[in-house]
Amino acid sequence: MKELVIISGKGGTGKTSLTACFAFLAPNKVLADCDVDAADLHILVHPEIHHEEDFRGAAKAAIDREKCSQCQKCRETCRFGAINAELVVNPLSCEGCGVCVHVCSEQAVSLEEGLNGHWCISDTRFGPMVHASLFPGAENSGKLVALVRNQARDLARKKEIPLVLVDGAPGVGCPVISSLTGADRVLIVTEPTLSGLHDMERAMQLVRGFRIPAWVVINKCDINPEVADRIEQVALRNESKVIGRIPYDPEVIQSMVQRRCAVENGDSSASRAIRGIWERLAPDLLS
Amino acid sequence: MTPMIISVASGKGGTGKTTVATSLAWVLGSTAQLLDCDVEEPNCHVLMKPVLQESQPVAVPVPVVDANKCSLCGKCGEICRFSSIVVIGNQVLTFPEMCHGCGGCTLLCPENAITEGGRELGVIETGFAGPVEFVHGRLRVGEAMSPPLIRAVKHRINRHKIAILDAPPGASCPVIQTITGSDFIVMVTEPTPFGLHDLKIAVGAIEDLGIPLGVILNRSDIGDGEVHGFCSQKGIPLLAEIPHERRIAEGYARGNLLVDSTPQYVDTFLELFVTIRDLINGNRPHLEETKS
């Protein structure tokens, strides 16, 4: 079984649109949407949820007013400024470290685990998918990403499916690191803008740290051919390779509006390019 | 000019947050301070080309154990909620990359055997882009925890200026860390199913904070009309529309500001600021009413 993780560095370069196209083109796969704070893959693959569970991650401090002697020790030791002068806990600042629980001489503080989101296993028109939604503002996206990936891999093993396609998050922080740990292959989707190049270099540096082979796809490649060439050079320097270029094509947005993926809509230029990329990836992924 | 804090956020990535934040800062000139809080992938400097005068590393405190003092009692491992310190056999192991820097182990060690070192999260760089005061954070690649670095960027907010904060994409803790304490939030989105879906999630998070917001529709002539529908149903003001133009995309690709590649937008952004200021002023009494 192989697991391909699709990331980008910069947001909005086309990760999810491309993942959905691969989902259409790959014969037998499990999908995992690991962009848990803004998951969009479901919009294109139409899941029917058949298993749903709560995700409980971050614990938050709670102060029992009855027991509290107002000594202020919890507020003074909190490094995150999560307890105000009235000794009210701000859940958005609380890290759940529990230092306040230990310093309270009245045993008035406890940690309460809250509901942070949900995760589901679904059937989609392209096969099984594991996906999740983190509540707005919630923490622990890394843990939820790890959970979604583990569930997707378990499902693939059980059903003897040879491929897991992971739609990753933008950036290089917690959820991205969590989606790369132990992955087999990475595909970085970028665009030929100076911002896209800058962000791709950081994503590539992260991937190199994990020693995972990375491919690069340049989306909207005709916006600036010169920057596209620089992306090729940077990829080579990082022992990576540009495996395809997708031209700017309004059909991609039109497909999205129809809740379909770009390769389903006939013979557009983007569709041809994406099919070509898949043909180059498939031998390695399905071997 | 009244000082204020305006955050630019989006939900979905790549909708034009940085385009809006940089052009807004640019037209406000010396009254503005631009702070790039997208520390995982900061891009404001690509467009603003600031002269950076100062660079300061930001670290999170992590435990350093003095083996001579340690009695191997295991208390540190018991209290650590992040599995970053543990006693195994006759030694203490620390995993500094897991540490949140709460200081619990240092504070509670009965032998006072633990002091604090630092794990570098990244750097904060400051300077000027023309007349605009500029601050950004750059997360060290490989570091997972961005919120403490975002907090450090926000400590640099100049209270005498109009601070413009460029937020990261998404709707989880780094975004909340950025936008908390703002007077207004500009949501930049695009009229597509992805743009709408992620806008709804982000608006849900902002509603909990009670901060007034408005929407800028970028590439407003692609996609469908559903973002319009959502905004009017929710009573969210549509602040501006920026139609898709090849020369805007090409200018951005070269690292040019929107107001440079298409100068007619200078007026759009000046009007945008006036609208935001009026909305903040109009909203203040309303907010105080709802709070009391």
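**A tour of chain A and its side facing chain B**

Begin in this predicted model by selecting helix H1 of chain A, residues 15-25, which lies across strands S1 (2-7), S2, S6, S7 (185-190) and S8 (214-219) of chain A and runs at about 160° to S6(A). Next select helix H10 of chain A, residues 269-285, which also packs on the sheet, where H10 touches S1, S6, S7, S8 and S9 of chain A and has a direction that makes about 155° with that of S9(A).

Now hide the helices and turn to the strands themselves. In chain A, 9 strands form an open sheet with mixed pairing, and they can be followed in the order S3-S4-S5-S2-S6-S1-S7-S8-S9. Strand S3 (48-63) and strand S9 (241-246) of chain A stand at the edges, and because each has a single partner strand, one side of each is left without a neighbour in the sheet. From one strand to the next, the twist averages 20°.

Within this sheet, select S2 (residues 30-33) and S6 (residues 163-167) of chain A, which run parallel and are joined by 4 bridges. Here A:Leu31 can be found opposite A:Leu165 in S6(A).

Finally, show chain B as well: 49 residues of chain A are in contact with 53 residues of chain B. On the side of chain A that touches chain B, at least two residues each are supplied by helices H4 (99-103), H5 (141-158), H6 (174-180), H7 (194-209) and H9 (251-257) of chain A. Select H7(A) in particular, since the largest share of this side, 8 residues, comes from that helix. Coloured by residue class, this side of chain A divides into 20 nonpolar, 20 polar and 9 charged residues.

Terms used:
Residues are numbered from 1 along each chain as its sequence is written. Chains are lettered from A and ligands numbered from 1 in the order in which they are written. This is a predicted model: local features need pLDDT of at least 70, side-chain atom pairs count only at pLDDT 80 or more; totals for chains, interfaces and linings use all residues. Two strands pair if DSSP finds at least two bridges between them. Axes are lines fitted to C-alpha atoms, for helices over the stretch in contact, and angles run from 0 to 180 degrees between N-to-C directions. Two residues are in contact if their C-beta atoms, placed from the backbone, lie within 7 Å. Ala, Val, Leu, Ile, Met, Phe, Trp, Tyr, Cys and Pro count as nonpolar, Asp, Glu, Lys and Arg as charged, and the others, Gly among them, as polar.
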